Amino acid sequence: MKTDKVVFDTNYYIHLILKNKLEELVYFYSDFNIQIFTCKRQIDEITDVLTRRKISKYISASQEYLNFIQKITIEIEIDERFDRAPDVKDNYLFDLCYTVKSYCLVTGDKPLLNMKSVNKINILSITAYKKLIK
């Protein structure tokens with residue numbers, strides 16, 4: 001399986017921010033030459049989550065986090081067609097994978113992980129993805 005292109009679910013970005021571990025993205029990018037893709041829909045979702053009261057009380061400078069994510073990822077336009085995700089709000093992640101021909105969607109979301117794969121897209125936990133690229 002090709003692993004040089006990846007799509008991370010929003011929950012992974014939020015996890016990194018809350019744990020103050022955004023440098024992990026640099027690790028993928030610099031040490032393994034992995035391209036990390038995003039889209040406007042995901043940037044909007046990250047922005048929304050970071051401004052929610054239950055998250056914003058734990059962090060400050062949410063715009064700086066967002067700017068960092070935007071600098072290390074490649075933002076592209078997607079054509080929204082996929083409609084089989086357990087949560088309709090996650091459909092765009094598959095569209096993003098299809099658009100960039102990424103075979104890895106990395107998430108901590110149990111319903112997505114339970115899908116295991118969709119066509120050539122493998123749905124992996126971050127632990128499984130790290131093992132795969134090493």
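**Exercise 1. Determine which element gives the most to the lining of the largest pocket in this predicted model, and describe that lining.**

Solution.
1. Helix H3 gives the most to this lining, with four residues.
2. Helix H1 (10-18), H3 and helix H4 (53-56) each supply at least two residues of the lining.
3. In total, 15 residues line the largest pocket, and its volume is about 340 Å³.
4. Lying nearest the centre of the pocket are Thr-10, Glu-45, Val-49, Arg-52 and Lys-89.
5. Sorted by class, the lining holds 10 charged, three nonpolar and two polar residues.

**Exercise 2. Establish which residues of helix H3 (residues 40-50) are buried, and how they are placed around its axis.**

Solution.
1. The buried residues in H3 are Gln-42, Ile-43, Ile-46, Val-49 and Leu-50.
2. They cover an arc of only 130° around the axis, and therefore lie on the same side of H3.
3. The general rule is that an α-helix has 3.6 residues a turn, so residues three or four places apart point the same way.
4. Val-49, one of the buried residues of H3, is also among the residues nearest the centre of the largest pocket.

**Exercise 3. Locate Asp-87, and decide whether Asp-87 is buried, partly exposed or exposed.**

Solution.
1. Asp-87 belongs to the loop between strand S3 (74-76) and helix H6 (91-100).
2. The relative accessible area of Asp-87 is 31%. Buried means under 20% and exposed means over 50%, so Asp-87 is partly exposed.
3. Between Asp-87 and Leu-112, the C-alpha to C-alpha distance is 8.5 Å, with a separation of 25 residues in sequence.

Notes
Residues numbered from 1 in each chain as written. Predicted model: local features only at pLDDT ≥ 70, side-chain atom pairs only at ≥ 80, totals over all residues. Heavy atoms only, no water. Buried < 20%, exposed > 50% of the residue type's maximum accessible area, 1.4 Å probe, protein only. Arc of directions from axis to C-beta. 1 Å grid on protein atoms, 1.4 Å probe; cavity = no way out; pocket = protein on both sides within 12 Å on 5 of 7 lines; lining within 4 Å. Points joined across faces, edges and corners; volume = space filled by probe spheres on them. Nonpolar A, V, L, I, M, F, W, Y, C, P; charged D, E, K, R; others polar.
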